[in-house]
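Trainee: I should like to learn how to read the packing of helices and sheets in a model. May we work through one example together?

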Amino acid sequence: MSTQPSVGQSISRLEGKLKVTGTAKYAGEYNVPDLLYGYVVNSTITKGKIVSIDTHIAKAIAGVIEVLTHENRPSLAWFDLQYTDMDAPPGVVFKPLYDDEIKYNGQPIALVVARDFETARYASTLVRFEYEEEPFETCLDNNLDKARDAGKGFATLLKPPPPKPTGDFEEAFENAEVKVESEYRHSAEHHNPIELFATTTVYEGDGKLTIYDKTQGTINDQVFIANVFGLHYKDVRVLAPFVGGAFGAGLRPQYQLFLCVMAALHLKRNVRVTLDRKQMFSFGHRPQNVQNLRFSTDMNGKLTAMGHSAISETSQFEDYSETLSQWSHKLYPAPNTLFEYKLVPLDVYTPIDMRAPGGSTAMHAIECTMDELAYKLAIDPLELRLRNYSETDPSSEKPYTGKALMECYLKAAEKFGWDKRTPEPGSMTRGNKLVGYGMATGIWDAYQFPARVEAIITKEGKLEVNNAVTDIGTGTLTVMTQIAADALGLPMEDVTFGYGDSAKPFSMFQGGSAMTSSTGVGIIMAAKALRKKLLEKAKKIKNSPLSEAGENDVIFKDGNIHLKNNPVVFVSFKAIIAFNKGQVIKTTEMGKPHLLKLRKYSLATHSASFVEVEIDKELKTITVTRAVTAVAAGRIINPKTARSQIAGSMVWGISKALHEETILDEKIGKYINTNLGEYHIPVHADINELEVIFADEKDELINELGVKGVGEIGLVAMPAAIANAIFHATGKRINKLPIHFDELL
């Protein structure tokens with residue numbers, strides 16, 4: 001039987017068995033001989049200086065090897081530029097153990113290294129610090145008057161500042177027939193992947209290191225470590241074949257990597273550093289945010305003005321920014337617009353991208369404002385979106401490469417039963433529960449990064465494909481294997497995809513829902529070159545039946561090159577390898593976005609979410625009973641893994657709307673719920689019926705595969721849909737996330 005195409009098939013994850021049986025090894029689990037363990041000591045003040053350090057008691061504990069601080073650390077790179085990484089925002093990168101200055105609460109200030117983890121952890125409690133404290137500011141609300149424009153740097157290429165105003169917003173809004181003005185607030189959130197951040201550094205000698213790290217970018221780690229410690233980058237190998245979730249937290253090298261490598265080089269030993277759950281709250285997070293929206297329409301519901309002002313926090317040393325205020329104009333046309341985005345530097349660690357950064361925060365405010373307009377106009381919320389629907393990108397007046405949002409609206413509404421909604425808030429009940437229906441629109445970027453891919457026909461006539469990309473649990477291994485198999489007409493079992501290794505060809509970090517379009521296109525380009533090479537070899541075989549064949553005259557199937565018009569005539573890959581004196585045949589190619597062609601278009605994925613909530617009439621407890629999300633993301637390579645991504649994002653949307661926040665005590669400048677008992681995330685009992693629909697979007701312009709990402713797009717519409725459903729159930733509009741039941745009492 002001939003091989004059937006793999007792309008488009010619902011295939012279970014190839015590494016699934018390894019994960020569920022505990023066979024898969026993560027960064028802190030590799031068996032390394034003669035291993036030392038490091039435990040990080042974190043500052044207990046928020047701002048100031050370290051006056052003195054006493055390590056004598058800690059060092060006297062049996063099994064303690066060293067206590068590293070800024071006073072005795074080895075020398076490091078001098079220039080700030082050497083500490084930057086692929087995802088670093090403008091500013092000065094934080095350097096652990098650099099000097100006596102404390103910049104934020106929880107800053108790493110020492111590393112205790114011992115023969116076992118328990119000894120290192122115990123000894124860390126015996127290191128004594130004296131501080132000179134300074135006044136600090138960690139509360140966004142108290143410092144809104146200090147808001148300023150974000151700095152500019154490489155990161156702003158992916159996160160551009162708001163566009164210039166159009167029309168006369170203030171006059172249009174002032175004289176509008178129908179208008180809404182609302183303020184929205186979001187608390188800080190931390191990523192909390194199930195796997196703790198950990199690094200195992202194997203000291204190979206002669207300046208060579210093998211590093212197992214929890215990261216979203218092996219090459220990002222590799223270059224960072226080489227620059228900081230003065231090593232040749234080829235002498236630094238970073239491995240991350242299994243990553244237990246990251247969601248953006250692993251985009252930048254985190255401090256345990258730096259400290260682990262520093263200790264290994266200093267002691268010339270193998271070292272492991274693992275952060276505990278509390279320490280997972282001591283680096284990047286989704287920032288606190290305040291948004292003010294002013295939208296207006298005419299009496300028919302057509303938008304006449306859109307104003308969106310956002311203020312977010314950043315650290316005192318870097319300007320982390322998000323694309324936030326301009327999302328509404330990528331969806332809805334309005335002749336008068338005013339978009340603003342500013343930052344307030346606070347004494348906290350620099351925020352970092354967290355799933356759908358900016359988009360999930362902004363779309364909550366935008367889509368709740370649209371819902372509020374719909375009620376003012378007495379128009380169905382879905383109908384209001386349809387009246388303001390645009391096939392093009394209103395902000396740039398460019399067409400989208402593909403936009404099947406209309407199909408998302410209609411399919412999701414039908415599946416959900418939106419037509420059964422009665423418009424009056426509080427009018428729908430089920431027993432002792434108030435029932436609410438809410439909907440919202442989602443939009444997210446369709447990124448593609450350059451990716452270099454190596455493709456090899458092995459001595460056995462099978463295909464090996466290599467790229468440094470990580471798989472953070474998204475199904476990358478499976479999807480890339482599917483793409484590669486079809487590109488050479490092979491069954492998946494004859495394909496090996498090598499990944500998660502900085503020694504393999506270049507990949508950006510895994511983020512932005514970009515890897516299928518990035519690495520996937522790289523595979524297509526490498527396979528194309530490999531097919532050409534194989535055919536050239538096949539034509540040179542003595543008496544080859546393919547001697548006159550061109551590339552368009554053949555098909556690749558089942559490990560053979562067949563004549564298209566006479567498929568029984570073929571040359572096998574094994575025969576080509578034999579002709580090649582048993583040597584492998586390989587090629588390396590770069591896949592990259594077609595920037596010149598695509599600059600004429602806007603690129604995005606779209607979604608629509610419909611949600612039902614039940615709210616207890618007396619207790620006001622909130623339950624999301626069911627939700628439907630329809631997604632337009634081009635060609636779906638693997639419906640099973642794609643659905644898993646969307647469903648997971650929907651769960652996160654429920655978490656963002658109802659559960660998740662990191663609480664900051666502004667008096668001490670410290671997060672106080674730094675554990676999974678008090679940092680609330682959904683459990684099985686919180687999640688009910690979730691349905692995912694994929695629109696039939698054929699986007700032949702976006703890239704060679706016609707694919708877009710499906711990571712973030714499942715999240716962005718959910719929080720607003722839930723908030724809108726709560727309003728429909730109760731008549732109370734709550735604009736601060738997360739929404740707690742006591743706010744409905």
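Trainee: Which elements do the buried residues of α3 pack against?

Mentor: Please bear in mind that this is a predicted model. The buried residues of α3 pack against β1, α2 (56-59), β3 and β5.

Trainee: Which residues of α3 are buried, and within what arc do they fall, seen down the axis of α3?

Mentor: The general idea comes from helix geometry: with 3.6 residues a turn, residues three or four places apart in an α-helix point the same way. In the present case, Thr119, Ala120, Ala123 and Ser124 are the buried residues of α3. Viewed down the helix axis they fall within an arc of 135°, so they line one face of α3.

Trainee: How should I read a single residue of this helix, for instance Ala123 in α3?

Mentor: Begin with accessibility, where buried means under 20% relative accessible area. Ala123 has a relative accessible area of 0% and is therefore buried. Next, consider its contacts: leaving aside neighbours within four places in sequence, Ala123 touches Ala58, Val64 and Val112. Finally, compare sequence with space: Ala123 and Ala62 are separated by 61 residues in sequence, while their C-alpha atoms lie 9.6 Å apart.

Trainee: What is found at the start of α3?

Mentor: There, a side-chain oxygen of Asp116 comes to within 3.2 Å of the backbone nitrogen of Glu118.

Trainee: In what order do the strands of the sheet run, and which are the edge strands?

Mentor: A sheet is read by following its pairings across. Here seven strands form an open sheet of mixed pairing, in the order β3-β5-β1-β11-β8-β9-β10. The edge strands, each paired on one side only, are β3 (64-68) and β10 (236-239). From one strand to the next, the twist averages 20°.

Trainee: In what sense do β9 and β10 pair, and which strands does helix α5 touch?

Mentor: Strand β9 (residues 208-213) pairs with β10 in the parallel sense, over four bridges. Tyr212 stands opposite Leu239 in β10. Helix α5 (residues 218-229) packs on the sheet and touches β9 and β10, its direction making about 150° with that of β10. Helix α6 (residues 255-267) also packs on the sheet; among the strands it touches are β1, β8 and β11, and its direction makes about 25° with that of β8.

Trainee: Is Thr476 buried or exposed?

Mentor: Thr476, which lies in helix α11 (residues 476-488), is buried, because its relative accessible area is 5%. Apart from neighbours within four places in sequence, Thr476 is in contact with Val469, Thr470, Asp471 and Gln510.

Conventions. Residues numbered from 1 in each chain as written. Predicted model: local features only at pLDDT ≥ 70, side-chain atom pairs only at ≥ 80, totals over all residues. Heavy atoms only, no water. Pairing = 2+ DSSP bridges. Helix = DSSP H or I, 4+ residues; strand = E, 2+ residues; numbered from the N terminus. Axes fitted to C-alpha atoms, helices over the stretch in contact; angles between N-to-C directions. Contact = heavy atoms within 4.5 Å. Buried < 20%, exposed > 50% of the residue type's maximum accessible area, 1.4 Å probe, protein only. Arc of directions from axis to C-beta. Polar contact = N/O pair within 3.5 Å; in protein donor to acceptor, adjacent residues only side chain to side chain.
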